[in-house]
Amino acid sequence: MDTTQLLKGVLDVAVLAVVAEEDGYGYDVVRRLRAAGLAEVGDASVYGTLRRLYSQGALTSYVVPSDEGPHRKYYGINAQGRAMLAAQRKDWREFAGTMTRLLDGEAAA
Amino acid sequence: MNGTRAQDETREAVARYAAEVRRHLGDLPPDQVDDLTDGLEADLADALADGPHPAAADGGGGPVDVGVRFGAPAAYAHELRAAAGLPDGSAAAARKPWPERVQRLRAAAGRAGAAVRRQPWAEPVVRAATELRPLWWVARAWIGYQAVMWLLIERSALLWQVRPERDGVPSRGVHWVMLLALVVVSVQWGRGRWGAAQLPRLSRAATVVALVLVVPVAWFTYESRFYGPEVSDVRYVEVPAADSRPQDGVWVDGMQVSNLFVYDADGDPLTDVQVYDDRGRPVRTTTDNGWSAWSLPGVEEPWSFVSVPDEDGRSRWNVYPLRGAPYEDFDWSNPTGTSDTAELLDEAPRTPPMPFAKAPAVESATQDAGPGEVASPAPSTASTTAP
């Protein structure tokens, strides 16, 4: 199964969850997603998602200058983001439960 | 040493890749592009520092190819924009299909552009041009100003009050205001404000037109400052047509005269009067030794004149009134070949008809001058000695 297609639908909530743990800049978020097991996640997809969540008002953003290189843009979650995360977490659980029941039932049948 | 050099190379490659990605987002307003790619260099560098992707076998040794690690910049930009929920530039272009010929042209232009971008110098040039963007904004405004000025020149008959100069630099307050307003609009467009987001194509087209025109227009305005005077600057100066060279002879009221008639204070005509100017030069009505024929007032035949010999045998032409005879009475064949004047055939030269037998007397002159001083003896003696 093409997991990248699945990933597209859940990338928002995954990114929100990672940023909710701790503020992070673009590649830091990518790294943590991959460390969590989402190896297929694309760098640019994550950056675009961060940008979209920020423009939707779910994230805050600040720039940290770097002494030895280009500056980094950090993202952090805010109240709206937490609410969004909670709602999507609930949706995911229901959806995942439904799918699990469906697939397990089908396999059992 | 080696490490820092590799770092520099990596930084260069990352900057190049980021510039490419931004270029592929070029149809978006600049502030959106900045928003989307802010911190991109740091992310790319960190990703590279994490080591090569599992796909890349040999780590670290060769030159950094960011493209191998992240894929084509176009695809990266596409992914970035799709994840951010922004409209796809290529999809937007595909909505309105161009005519096939235009498409082929665009494809060829794209290939040529890609070939140029592969050159090693392309990236720094593009980067420098991007950093000089504010300069292009001002140039764009200046081109717009020139366009407005040109229109005003075309309509100058209606708009004398604001008729512009053509040397490219505004000189009146209203022109400066116009130029400054255009600069403000252009800069705001460049920053993605004031409708540039809605009309990115218009903004970009204006930039392209400005870039194409800025050099020729600057050249033209510079040239026309010297060679193209305004209509109002042309002044016609009236110069007399006959002013080329002062002509010989005696002129009265724009008309050359053949002879002078001298009257004394009492108004009686004098003969054989020598006339000199203030520098002692003889005043001559004729300078060609009598070869010319003169038409005299009230005389049907043209006349020619002769000189008067002085004591030393020289011909004198400033003794008035000149004597002469009708043109036909001269022998113009010059039989002896020695003389430079014509021979009068059979009669003595005569005094041509006088304008009047007696002129009005001059009152003050007769009172002041004593009888002895009046040149009254001259006529009698002259007339007797002359022939």
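User: Why are α1(A) and α3(A) called roughly perpendicular to each other?

Analyst: Happy to explain! In this predicted model, helix α1 (residues 3-21) of chain A packs against helix α3 (residues 43-55) of chain A at an angle of about 80 degrees. Angles from 65 to 115 degrees count as roughly perpendicular, so α1(A) and α3(A) are given that name. Their axes are 10 Å apart.

User: Which residues make the contact of α1(A) with α3(A)?

Analyst: From α1(A) come Leu11(A), Asp12(A), Val15(A), Leu16(A) and Val19(A). From α3(A) come Ser45(A), Val46(A), Thr49(A), Leu50(A), Arg52(A) and Leu53(A). Sorted by kind, the residues of this contact are seven nonpolar, two polar and two charged.

User: Now the two chains. What makes Asp46(B) and Arg72(A) a salt bridge?

Analyst: Look at the distance between their closest N and O atoms, which is 2.9 Å. The cut-off for a side-chain nitrogen of Lys or Arg and a carboxyl oxygen of Asp or Glu is within 4 Å, so the pair Asp46(B) and Arg72(A) qualifies as a salt bridge. Between chain B and chain A the count is four salt bridges.

User: How many residue pairs are in polar contact across the interface of chain B and chain A?

Analyst: The rule finds nine such pairs, with both residues at pLDDT 80 or more. On the side of chain B that touches chain A, at least two residues each come from α2 (30-37), α3 (40-49), α4 (66-70) and α5 (73-83) of chain B. The most come from α3(B), with six residues. By kind, that side of chain B has ten nonpolar, three polar and nine charged residues.

User: How many residues does each chain bring to the contact, and what area is buried?

Analyst: Chain B brings 22 residues and chain A brings 21 residues. The area buried between the two chains is about 1900 Å², and carbon and sulfur atoms give 49% of that.

User: Where does Pro321(B) sit, and what is omega for the peptide bond from Tyr320(B) to Pro321(B)?

Analyst: Pro321(B) is in the loop between β9 (319-320) and β10 (323-326) of chain B. Omega for the bond that leads into Pro321(B) from Tyr320(B) is near -10 degrees, and the bond is cis.

User: And what is phi of Asp272(B)?

Analyst: Phi of Asp272(B) is near 55 degrees, a positive value in a residue that is not glycine. You can find Asp272(B) in the loop between β4 (269-270) and β5 (273-274) of chain B.

Key:
Residues numbered from 1 in each chain as written. Chains lettered and ligands numbered in written order. Predicted model: local features only at pLDDT ≥ 70, side-chain atom pairs only at ≥ 80, totals over all residues. Heavy atoms only, no water. Contact = heavy atoms within 4.5 Å. Buried area = accessible area lost by both parts, 1.4 Å probe. Polar contact = N/O pair within 3.5 Å; in protein donor to acceptor, adjacent residues only side chain to side chain. Helix = DSSP H or I, 4+ residues; strand = E, 2+ residues; numbered from the N terminus. Nonpolar A, V, L, I, M, F, W, Y, C, P; charged D, E, K, R; others polar. Axes fitted to C-alpha atoms, helices over the stretch in contact; angles between N-to-C directions. Parallel < 35°, antiparallel > 145°, perpendicular 65-115°, else oblique.
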